[in-house]
Amino acid sequence: MKILVGYKRVVDYNVRIQVKPDGTGVVTDGVKLSANPFDDIALEEALRLKERGGIEEVVVVGIGPADLTAHLRNGLAMGANRAIHVVTAEAVQPLTAARAFLKLIEKEQPGLVILGKQAIDDDASQTGQMLAGLWDRPQATFASKVEVADGKVTVTREVDAGLEIIEAELPAVITTDLRLNEPRFIKLPDIMKAKAKPIDTIEFSSLGVDAHDQLKITNYAAPTKRSKGVMVKDAAELVAVLKQKGLL
Amino acid sequence: MSKVLVIAEHLGGKLNPSTARAVSAAVAVKPDAIDVIVLCDSVDAIAAEAAKIEGVSRVLTAARAENAHPLATVLAPQIAKAAAGYSHVFAPSTTFGKDVAPRVAALLGVAQVSDIMSIDGSHTFKRPIYAGNAIITVQADPAHAVVATVRTASWAAAASGANNAPIEPLSLDIAVPTHTRFVELLQGKNDRPDLQSASKVVSGGRGVGSKENFEVIYRFADKIGAAVGASRAAVDAGYVPNELQVGQTGKIIAPELYIAIGISGAIQHLTGIKDAGTIVAINKDGEAPIFEVADIGLVGDLFKLIPELEQAIG
């Protein structure tokens with residue numbers, strides 16, 4: 001069985017984003033880029049499943065500009081067997097990404113697709129669900145535990161009410177939550193080995209995916225700032241202030 | 001002419017308050033009608049609750065055994081079929097809504113707007129990106145249905161009681177997939193107020209130090225009638241179960257009063273509380289980022305301060 005892993009590159013989670021003054025976007029020039037944290041968890045889970053046996057190949061998939069290749073090399077250094085780079089200079093929204101993934105699935109025939117539960121840039125949390133819908137296969141979102149056996153996958157999902165366990169026939173789509181695993185660090189020799197691993201590049205335009213119906217983003221704005229607060233000196237003063245505001 | 005279909009969220013035969021919040025967002029579209037769809041094996045009690053929500057025109061029910069558990073694979077094709085004739089399909093931006101709505105959107109072949117925080121026009125919405133550090137204005141194509149999730153923290157629940165909307169069974173006579181099956185729901189035992197709808201929330205972070213120490217947080221929350229939340233650090237350290245996590249990847253809440261205790265205030269946590277009425281921070285580190293957003297700050301040892309607070313409250 002083969003596992004496809006979505007591997008998006010985003011602005012590093014520690015960076016404090018600045019909105020451009022003219023409202024046309026956020027500043028990304030010279031800003032540190034990293035793997036979407038949930039995608040590192042997705043790749044880690046695929047590698048662990050492979051280490052447990054029964055998985056032949058883990059393939060990382062990225063959609064983005066020409067320089068995304070370096071990012072995909074990180075996925076290969078972490079342990080993926082090969083990478084697919086769908087090349088496009090345009091920003092790709094979830095529905096378009098899901099359609100592109102479906103094209104790759106038709107060609108690759110994976111038993112499992114693992115994506116992050118959301119990308120920390122657009123915070124959409126859609127691609128995995130959309131892909132599963134288009135593919136007409138099971139979806140197990142927000143996974144915190146995954147077990148594969150006998151042609152099916154049992155997934156523990158983090159839901160608002162607690163933990164939900166579902167069972168799905170393969171092939172299926174899983175999206176990862178934070179507590180699924182702790183991704184491994186990349187070691188230097190693996191970076192060297194990754195240079196020899198194959199990266200297939202495919203022009204987005206050659207996939208035959210319709211990308212015209214993306215949402216139009218007409219403005220970017222900074223969130224309204226909260227006004228500066230006050231410091232109180234002790235517990236009694238805090239309680240007095242809260243009582244005065246009618247909050248206690 | 002716009003018509004909104006709101007997907008009801010429910011658990012254990014009770015309507016979730018997130019549904020009334022999604023109805024509030026639907027009202028802001030200024031539509032000609034707002035219908036709520038209830039999918040369950042036993043719909044009556046839930047539909048009766050939904051019918052009372054102010055602004056709801058009709059409650060549509062899809063009762064079948066397969067709908068006993070909220071499996072997106074089972075519900076989405078039914079919702080997509082029911083969506084015919086609607087200009088908008090809204091779901092709350094809870095784990096339920098986030099799971100099912102994009103699948104509905106994909107089946108309808110339309111993009112989705114996630115986490116609507118305000119509505120500027122029937123097809124123009126504002127939503128947060130980058131953990132709430134930027135707000136974008138998004139325009140959806142009026143040529144087809146808008147599928148969206150509603151950021152519950154941004155919308156007050158629509159009033160309930162005076163309305164008496166008609167309840168109509170829908171015949172959605174379609175086959176649903178059997179490839180995905182519900183096994184079990186493990187619920188945290190919690191008789192405290194619901195985190196997402198509570199007016200007061202007391203949250204603990206890494207500074208609380210242990211699962212045992214978290215009793216201090218629970219006791220203080222109970223004293224003031226608050227729900228209990230936590231930072232990711234506290235959840236990862238095993239102090240509390242995951243459903244208490246507040247932040248970008250946990251719950252986004254907007255209580256009147258939020259008290260953060262022993263929480264440093266990472267960007268991802270602040271995203272979850274930005275819309276709180278009053279934020280109080282109690283931390284021994286006066287330089288902690290939480291003080292940048294707190295309305296009231298108190299520097300000191302939480303184990304000394306909490307008993308003092310309890311005493312001062314009386």
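In which sense do strand 1 and strand 4 of chain A pair, and over how many bridges? Keep that in mind while I set the scene. This is a predicted model. Now the pairing. Strand 1, residues 2-6 of chain A, and strand 4, residues 57-64 of chain A, run parallel, with five bridges between them. Take L4(A): its bridge partner in strand 4 of chain A is V59(A).

Next, the whole sheet. It is open, has ten strands, and its pairing is mixed. The order reads 11(A)-5(A)-4(A)-1(A)-6(A)-10(A)-7(A)-8(A)-9(A)-13(B). Look at the two ends. Strand 11 (199-203) of chain A is one edge, and strand 13 (180-187) of chain B is the other. Each pairs on one side only. On average, neighbouring strands are turned by 25 degrees against each other, direction ignored.

Now the helices. Helix 1 of chain A, residues 37-51, lies across strands 1, 4, 6, 7 and 10 of chain A. It runs at about 150 degrees to strand 6 of chain A. Chain B contributes too: its helix 4, residues 95-108, packs on the sheet. That helix touches strand 7 and strand 8 of chain A, and makes about 85 degrees with strand 7.

On to the cores. The largest nonpolar core has 48 residues. V113(A), L131(A), L207(A), I7(B), I79(B) and V100(B) touch the most other members. Helix 3 of chain A, residues 94-108, gives the largest share, seven residues. Zoom in on L207(A). Beyond its neighbours within four places in sequence, L207(A) contacts V86(A), A100(A), K103(A), L104(A) and I202(A). There is also a second, separate core of 46 residues. Among its members are V4(B), V38(B), I46(B) and I116(B).

Conventions:
Residues numbered from 1 in each chain as written. Chains lettered and ligands numbered in written order. Predicted model: local features only at pLDDT ≥ 70, side-chain atom pairs only at ≥ 80, totals over all residues. Heavy atoms only, no water. Pairing = 2+ DSSP bridges. Helix = DSSP H or I, 4+ residues; strand = E, 2+ residues; numbered from the N terminus. Axes fitted to C-alpha atoms, helices over the stretch in contact; angles between N-to-C directions. Contact = heavy atoms within 4.5 Å. Core = buried A, V, L, I, M, F, W, Y, C linked by side-chain atoms within 4.5 Å. Buried < 20%, exposed > 50% of the residue type's maximum accessible area, 1.4 Å probe, protein only.
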